[in-house]
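Thanks for making the time this morning. I would like to walk you through one model, beginning with where its chains meet and then taking each chain in turn.

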Amino acid sequence: MIITKQRLFSEILDSLVGEKTVFLVGCGECATVCQTGGEDEVKALSERLQQAGKIISGSVVLEPACNLLEAKRQFRKYRDLIEQSDSLLAMSCGGGAQIAQEASGKIVHPANESLFLGTVKRFGQFEEYCSMCGDCVLDTTGGICPITRCSKGLLNGPCGGSQAEKCEVDSEKDCGWVMIYKRLKEIGKLASLISTSERLRDHSRTVKPANRQLTRDKGVKK
Amino acid sequence: MTALQQALSKGEFAVTAEVAPPKGIDVTEMLEHVEHLRGRVHAVNVTDQQSSVMRLGSLATCVLLKQVGIEPVFQLTTRDRNRIALQSDLLSAYALGIENVLCLTGDYITLGDHPQAKPVFDLDSITLLSVARRLQDGYDLAGNKLEGSPRFHLGAVATPGYEPIDLQLLKLKKKVEAGAQFFQTQAVYDPAVFARFIDQVKDFKVPVIAGIILLKSAGMAAFLNKNIAGVNVPDPIITEMKGAKDKVTTSIEIAARIIRAIKDLCQGVHIMSLGWERHVPALLDALRL
């Protein structure tokens, strides 16, 4: 899921300067889990903004905020409230914020910072495991991604910077390559590390903005 | 063939030192430091924005050293430049007469003075070595033919105290396969650790130049232990520095003692004097180097 954190309230207020009436848009999926855009957070931010003198025309929690059809469908139900608002405040990831703009045609302000594609370790603890590089190497690295879990994203083994198996960037973080090494040893596949020829990233696989279109018969459109 | 390459190939004990380019363009002090090394070392490494701190470029500094008749080792990291810029800099280096190149991955960006900068790491130390070798073969990384090809003396770094050592050995093996012709190591303080390391890399048949950092104080030793990966100054040495009447004399004694203990295990020493270049001749005198 997309991990988000709420922007500072002062930053949110600054973005709303000169605007009086605001409509809030939450997200029932990622942002709900991150506690940045679920029903509770929408209610809490709504109250805080009212205390700061804003008029909250209404709110909706989309399921999810990043789906254009869902956003359009829900916004139709709130058309008048949205129309009378100066702007929308998106309590979602940046994808959701842009979809809210496309679906409403209104000015949309982000209430959150989008941080990373995260896994959920336990309640409230999110970690980045995948960088969506478009060229998965997990099969040869013991199921641990070097692009993401090595701070430098090195593909051919560790740098010389780790101390006591911790990363030079943050002594709280395990060295990704030490993790890969231990896992490969554990599953008897260290040989794959030795035999793999040098790897180079292919950044042409992730030229932005990316898109992908499925066809109706479930194949991929060429 | 460079002087360093000649020394190593003839089995002469190689001596290299290191200078850091200034932050700015005033190279007076750096060139003064380098003067102390003239005629005493085979080559002088020039660091590449070490610790991710922005400085005068390594390549330009290498050329300045060359102009005053000192052989440089061009340190090149993959932190700040992508594969296009790195290949171009390698070609530029050769065109300017620089042949010794030490290929490094580089420290992470957030450790330096521009922590908001974009970390590149498009290549790493291994792929940088193989790219350099590919240029020597007359082709760029994309397979395009070059008009005239460079000839380098390629080095890589190793950390004798790295744990788990097997993981580093895997990487060093790849560095050798990628084209490393010599290793310069992280600072050595424990001859036993170094001896074990040499035993583990002897099959690579690549000359090893042992790193020596001149300690300036006990505090510096503690700093190295805490902050520099793979460096471990043993307690007795720290105590020795603490009790030193004359820090320079004691520092040189310690370095000379370590070098004597490991001299027969390696093919040279790399002295990192961090501004104490003026004391390097005394160390070399003590060692009759």
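In the contact between the two chains, 24 residues of chain A meet 25 residues of chain B, and I should say at once that this is a predicted model. On the side of chain A that touches chain B, the elements that give two or more residues are α8, residues 176-186, and α9, residues 190-195, both of chain A. Of these, α8(A) provides the largest share, which comes to three residues. If we sort that side of chain A by class, we find eleven nonpolar, eight polar and five charged residues.

Let me stay with chain A for a moment. Chain A has nine helices and seven strands, and its radius of gyration is 22 Å, well over the 17 Å that the globule rule gives for 222 residues, so chain A is more spread out than a compact globule. Along the principal axes, the C-alpha trace of chain A spans about 65 × 45 × 25 Å. The chain is divided into domain 1, covering 2-115, and domain 2, covering 133-198, and the centres of these two domains of chain A, taken over C-alpha atoms, are separated by 39 Å. Buried residues account for 39% of the 222 residues in chain A, and among its contacts between residues at least 6 apart in sequence, 58% join residues at least 24 apart.

Now to chain B, where the secondary structure comes to eleven helices and eight strands. How does its radius of gyration stand against that of a compact globule, which for 289 residues would be near 19 Å? The value for chain B is 18 Å, which agrees. Its C-alpha atoms fill a box of roughly 60 × 45 × 45 Å along the principal axes, buried residues make up 49% of the 289 residues, and 78% of the contacts between residues at least 6 apart in sequence join residues at least 24 apart.

Within chain B, I would draw your attention to strand β6, residues 182-187, in which six of the six residues are buried, so that this strand is largely enclosed by the rest of the structure. Strand β5 of chain B, residues 153-158, runs parallel to β6(B) and is joined to it by four bridges; one bridge partner pair here is B:Gly155 with B:Phe182. Together with helix α6 of chain B, residues 165-178, β5(B) and β6(B) make a right-handed β-α-β unit. The chain then crosses from β6(B) through helix α7, residues 191-201, to β7(B), and this β-α-β crossover is also right-handed. Strand β7 of chain B, residues 208-213, is parallel to β6(B), with three bridges joining the two, and B:Phe183 has B:Val208 as its bridge partner in β7(B).

Finally, a single residue: is B:Thr239 buried or exposed? B:Thr239 has 12 other C-beta atoms within 10 Å, and because a residue with 12 or fewer counts as exposed, that is how B:Thr239 is classed. B:Thr239 lies in helix α9 of chain B, residues 235-242, and its C-alpha atom is 7.2 Å from that of B:Ala218, a residue 21 positions away along the chain.

Terms used. Residues numbered from 1 in each chain as written. Chains lettered and ligands numbered in written order. Predicted model: local features only at pLDDT ≥ 70, side-chain atom pairs only at ≥ 80, totals over all residues. Buried ≥ 20, exposed ≤ 12 C-beta atoms within 10 Å, placed from the backbone. Pairing = 2+ DSSP bridges. Right-handed = clockwise from strand over helix to strand, strands pointing away. Domains from an automatic or database assignment. Contact = placed C-beta atoms within 7 Å. Nonpolar A, V, L, I, M, F, W, Y, C, P; charged D, E, K, R; others polar. Rg over C-alpha atoms; globule rule 2.2 N^0.38 Å.
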